Amino acid sequence: MAVASQVAAMLAGGSVIRKLFTEGEEMRKLHGRDRVYDFTLGNPDVEPPPEFAAALHAILEESIPNKHGYMASAGLMETREFVAESVTASRGVPVTPDLVTMTVGAGSALSLAFAVTVNPGDRVIANAPAFVSYANYLSVHRGVLDLVPGREDFSLDLAGIESRLGPDVAAILVNSPNNPSGAIYSAESLQALAAILERASVRTGRRIYLISDEPYREIVYDELGVPSPFSFYDHSILCYSWSKSLSIPGERIGYSAIHPRAEDAGLLARGMTAMTQNMGYTNAPALMQRAVARLGTVSVPVEAYRRRRDLLAAGLRESGYDFILPRGAFYLFPKAPGGDDVAFCTALKDERILAVPGTGFGMPGWFRLSYCVGENSIRDSLPGFSRARARFPADA
Ligand SMILES: Cc1ncc(COP(=O)(O)O)c(C=O)c1O
């Protein structure tokens, strides 16, 4: 076999979302773009705030030495200073620029975090349901994702997590607001998690790190502030991107920040910066680094997402779907009527509705709907949701 075994195994496993994307393209060709209701992709369609284009124009017009050139691997100092200040202010953790690495979105920040914490064969624990790509990012570093099912309301099952912490656990990965459940973890549960990690690190003789994945921090509906897991445990690595907060996922800009009191903080930061080179990207995009530093706290208004969430939730509730209203991110994660998520997503396809089975998120029996689609599309899809629901009357 010419293809490397790791890649061959990954391809053989197949990606549910990739398959759905191909099927969606075929359906769009057959029925027309407007008649296929694609709820699969978390690809924000709300326009970036106008300040984003203004910042880009200003940067392009200004005379800046080496504007488009290589820079230090960790990124531009002015941007790292901005990130350090904003993390210090928003998380109450005194991060300094030397602990910040600018990255190619949150995905590469996560991959760097795994690179510096995971040895081959190590486990990383995450609360299920969890983002589909975690296991893939981790497999590159020969680590294994170990999913602990969350509680009925999608909160952290602290006892379940504690029971899984052994000497082969490198880290716990926490994503709040959560993709796909929309859950936001409470300060109390994060405090309790920190105590558990502290105890387990002593018991196993190995420091367990916490990796906090926060790309949806600004996409929240009813909260005054989202407790950041990074604020509660010293041995933490924060991974962030502007993909969702500025609606610019294709521009690939994010960062990682190490908690200043983390064990081996300096080594972790130097390792992450060095690994940007080893993983094949030398710098995060220069133009984007300059832009985000100028934009400060600007982010997309969440009103459009809130209207879609409420419209979709009202329609689904009326048809008898069972779900918890998401408090953040832009996904709804209902129970699959009949209990078989793959069968139910197939039934939705008959209505030209595309959804992702929960199996991909480690939660069979549920399915994910991304409401990165216009209100008209949501409205037009509701009769199809209702008909599909009616085909599974057993749990009506
Ligand atoms: C929970 C979560 N983490 C990380 C990512 C990756 O983000 P990025 O596109 O910035 O790499 C995503 C993307 O959808 C996500 O949903």
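# Exercises on a predicted model

Leaving aside neighbours within four places in sequence, Asn-179 is in contact with Pro-129, Ala-130, Phe-131, Tyr-216, Tyr-331, Phe-361 and Arg-368. The model behind these exercises is predicted.

**Exercise 1.** Describe the setting of Asn-179, and decide whether this residue is buried or exposed.

*Solution.* Begin with the chain: Asn-179 sits in the loop that runs between β5 (169-175) and α8 (187-204). Next take the relative accessible area, which is 2% for Asn-179; because the cut-off for buried is under 20%, Asn-179 counts as buried. Then turn to the side chain, where a polar contact of 2.9 Å links Asn-179 to the side chain of Arg-368, and Arg-368 also appears in the list of contacts of Asn-179.

**Exercise 2.** Find which peptide bond involving Asn-179 is cis, and which residue is joined to Pro-129 by a cis bond.

*Solution.* For the step from Asn-179 to Pro-180, omega is near 15°, and the peptide bond is cis. Pro-180 belongs to the loop between β5 and α8, where Asn-179 is also placed. The cis bond to Pro-129 comes from Ala-128, with omega of about 5°, and Pro-129 lies in the loop between β3 (123-128) and α6 (134-140). To link the two cases, recall that Pro-129 is among the residues in contact with Asn-179. As background, most peptide bonds are trans.

**Exercise 3.** For Asn-66 and Ala-329, state the phi angle and work out whether each residue is buried or exposed.

*Solution.* Asn-66 is not a glycine, yet its phi is positive, at about 55°; Ala-329, likewise not a glycine, has a positive phi of about 60°. The general background is that most residues other than glycine have a negative phi. Locate each residue next: Asn-66 is in the loop between α3 (50-61) and α4 (77-91), while Ala-329 is in the loop between α11 (303-318) and β9 (331-332). Finally, consider accessibility: Asn-66 has a relative accessible area of 54% and is therefore exposed, since exposed requires over 50%, whereas Ala-329, at 0% relative accessibility, counts as buried.

**Exercise 4.** Determine how many disulfides the structure holds, and account for Cys-345 and Cys-372.

*Solution.* The structure holds 0 disulfides. Cys-345 is in no disulfide, and the nearest cysteine sulfur, which belongs to Cys-372, is 17 Å away. From the other side, Cys-372 is also in no disulfide, with the sulfur of Cys-345 as the nearest cysteine sulfur at 17 Å. Because a disulfide needs a pair of cysteine sulfur atoms within 2.5 Å, the separation of 17 Å rules out a disulfide between Cys-345 and Cys-372. As for accessibility, Cys-345 is buried, with a relative accessible area of 5%, and Cys-372 counts as buried at 10%.

**Exercise 5.** Identify which residues form a nonpolar patch with Val-3, and give the place and accessibility of Val-3.

*Solution.* Val-3 is found in the segment before α1 (5-13). With a relative accessible area of 41%, Val-3 is partly exposed. Together with Val-7, Met-10 and Leu-11, Val-3 forms a nonpolar patch on the surface, and the accessible area of these residues together is about 320 Å².

**Exercise 6.** Place Ser-15 in the chain, and state what distance separates its C-alpha atom from that of Glu-152.

*Solution.* Ser-15 is in the loop between α1 and α2 (16-31), and at 25% relative accessibility Ser-15 counts as partly exposed. Ser-15 and Glu-152 are 137 residues apart along the chain, and their C-alpha atoms are separated by 27 Å.

Terms used: Residues are numbered from 1 along each chain as its sequence is written. This is a predicted model: local features need pLDDT of at least 70, side-chain atom pairs count only at pLDDT 80 or more; totals for chains, interfaces and linings use all residues. Side-chain values use heavy atoms; hydrogens and water are left out. Helices (H or I, at least four residues) and strands (E, at least two) are DSSP runs, numbered from the N terminus. Buried means under 20% relative accessible area, exposed over 50%, partly exposed in between (1.4 Å probe, protein chains only). A polar contact is a pair of N or O atoms within 3.5 Å; within protein, one must be able to donate a hydrogen and the other to accept it, and residues adjacent in sequence count only if both atoms are side-chain atoms. Contact means heavy atoms within 4.5 Å. Patches are made of residues with over 30% relative accessible area and no salt bridge: like charges are joined within 9 Å, nonpolar side chains (Val, Leu, Ile, Met, Phe, Trp, Tyr) within 5 Å. Accessible areas come from the Shrake-Rupley method with a 1.4 Å probe; for residues, only the protein chains shown count as cover. A salt bridge is a side-chain nitrogen of Lys or Arg within 4 Å of a carboxyl oxygen of Asp or Glu.
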